[in-house]
Amino acid sequence: VLDEGVRGMIDALTAAGFGVFAVGRNHPRVVSVLREVLQAELPGLVQLDASLLAGLLTLNRMDALLFVAPALGWGLLSLRSRRAIRAAALGFAPFVLWEAFATIYYGSPWPNTALAKLSTGIPSGGLLAQGGRYLADAFLRDPLTPALALAGIAAAAWRRRARELALAAGALLSLLYVVKVGGDFMAGRFLAAPALVGAILLASA
């Protein structure tokens, strides 16, 4: 960024991780690279697909790791192979590299949004109460979204299929995390992904 005196400065907003401002949404080059990797004929392609997408999701939002970790962990345990572990490590390489860069450059591996939101000094009890109000508000404004999430989790617990339990565990961890941190300033924003998983689980009945 250049000021009126034509002095160069780092755009902290973009550098902090809001990459959409730098390259735009669905930039053709980014989409092309992802497509090349996901369509490549590589050993352990399925493992690489899953771990790469999980790694990119975590790179976008670190708390999304709670959402994907159970399913990814179940996949690795099911395959029980070094190839799967290597594929998982490769898939998370962008996230690890970014964390190393952020620690060196910014002095912290944590996103500034997390530091701002979680370092408010509000007692944990107050955050839990606000998180409960966040869910209650979702049931009032958009009851279908939280209902789908909880119904899918309940269906997976009832059927007890390992794959479905892994997906449900990620959705449940995501919901518990939202409550723990006191919800969000946008109603229902963090319930969309658990609701999608809930719908998938219900459809697989």
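The protein chain exposes about 13200 Å², and carbon and sulfur atoms supply 68% of that area. The structure is a predicted model, so every value below is computed, and local features are described where pLDDT is at least 70. Of the 205 residues of the protein chain, 26% count as buried, and its secondary structure comes to 12 helices and zero strands.

**Overall build**

- Read from the N terminus on, the elements of the protein chain run α-α-α-α-α-α-α-α-α-α-α-α, in keeping with a count of 12 helices and zero strands.
- When contacts in the protein chain between residues at least 6 apart in sequence are considered, 68% of them join residues that are at least 24 apart.

**Helix H5 against helix H11**

- Two packed helices are described by the angle between their axes and the distance between the axes.
- The axes of helix H5, which covers residues 65-79, and of H11 come within 7 Å and cross at roughly 160°, and that makes H5 roughly antiparallel to H11, because an angle over 145 degrees counts as roughly antiparallel.
- The crossing of H5 and H11 is right-handed, and on the H5 side the contact is made by Leu66, Phe67, Pro70, Ala71 and Trp74.
- On the H11 side, the residues that make this contact are Ala162, Arg163, Ala166, Leu167, Ala169, Gly170, Ala171, Leu173, Ser174 and Tyr177.
- Sorted by class, the contact of H5 with H11 has 12 nonpolar, two polar and one charged residues.

**Two residues of helix H11**

- Alanine 169 is found in helix H11, which covers residues 162-180, and at 28% relative accessibility alanine 169 counts as partly exposed, because this value falls between the 20% limit for buried and the 50% limit for exposed.
- Although alanine 169 and phenylalanine 67 are 102 residues apart along the chain, their C-alpha atoms are separated by 7.8 Å, and both residues are among those that make the contact of H5 with H11.
- Serine 174 also has its place in helix H11, and with a relative accessible area of 15% serine 174 is buried, because buried means under 20%.
- Leaving aside residues up to four places away in sequence, serine 174 touches Phe67, Phe190 and Pro194; of these, Phe67 belongs to the H5 side of the contact with H11, while Pro194 is listed in H12.

**Helix H9 against helix H11**

- Helix H9, which covers residues 124-141, packs with H11 at an angle of about 120°, and their axes are 6 Å apart.
- H9 and H11 are therefore oblique to each other, since an angle of about 120° lies outside the range of 65 to 115 degrees for roughly perpendicular and is not over 145.
- The contact is made by Leu127, Leu128, Gly131, Gly132, Tyr134 and Leu135 of H9, together with Val178, Val179 and Lys180 of H11.
- By class, the contact of H9 with H11 has six nonpolar, two polar and one charged residues.

**Helix H10 against helix H12**

- Helix H10, with residues 144-159, and helix H12, with residues 192-203, pack at an angle of about 45°, and their axes are 7 Å apart.
- H10 and H12 are therefore oblique to each other, and their crossing is left-handed.
- From H10, the residues that take part in the meeting are Thr145, Leu148, Ala149, Ala151, Gly152, Ile153, Ala155, Ala156 and Arg159, and from H12 they are Ala192, Pro194, Ala195, Gly198, Ala199, Leu201 and Leu202.
- The residues of the contact of H10 with H12 divide into 12 nonpolar, three polar and one charged.

**Threonine 145 and arginine 160**

- Threonine 145 is found in helix H10, and with a relative accessible area of 17% threonine 145 is buried.
- Threonine 145 and leucine 191 are 46 residues apart in sequence, and their separation in space is 6.7 Å, C-alpha to C-alpha.
- Not counting residues up to four places away in sequence, threonine 145 touches Leu191, Ala192 and Ala195, and of these Ala192 and Ala195 are listed in H12.
- Arginine 160 lies in the loop between H10 and H11, and with a relative accessible area of 68% arginine 160 is exposed, because exposed means over 50%.
- Phi of arginine 160 is near 60°, which is a positive value in a residue other than glycine.

Definitions and conventions. Residues are numbered from 1 along each chain as its sequence is written. This is a predicted model: local features need pLDDT of at least 70, side-chain atom pairs count only at pLDDT 80 or more; totals for chains, interfaces and linings use all residues. Side-chain values use heavy atoms; hydrogens and water are left out. Helices (H or I, at least four residues) and strands (E, at least two) are DSSP runs, numbered from the N terminus. Buried means under 20% relative accessible area, exposed over 50%, partly exposed in between (1.4 Å probe, protein chains only). Contact means heavy atoms within 4.5 Å. Accessible areas come from the Shrake-Rupley method with a 1.4 Å probe; for residues, only the protein chains shown count as cover. Axes are lines fitted to C-alpha atoms, for helices over the stretch in contact, and angles run from 0 to 180 degrees between N-to-C directions. Angles under 35 degrees count as roughly parallel, over 145 as roughly antiparallel, 65 to 115 as roughly perpendicular and the rest as oblique. A crossing is left-handed if the near helix is turned anticlockwise from the far one by less than a right angle, and right-handed if clockwise. Ala, Val, Leu, Ile, Met, Phe, Trp, Tyr, Cys and Pro count as nonpolar, Asp, Glu, Lys and Arg as charged, and the others, Gly among them, as polar.
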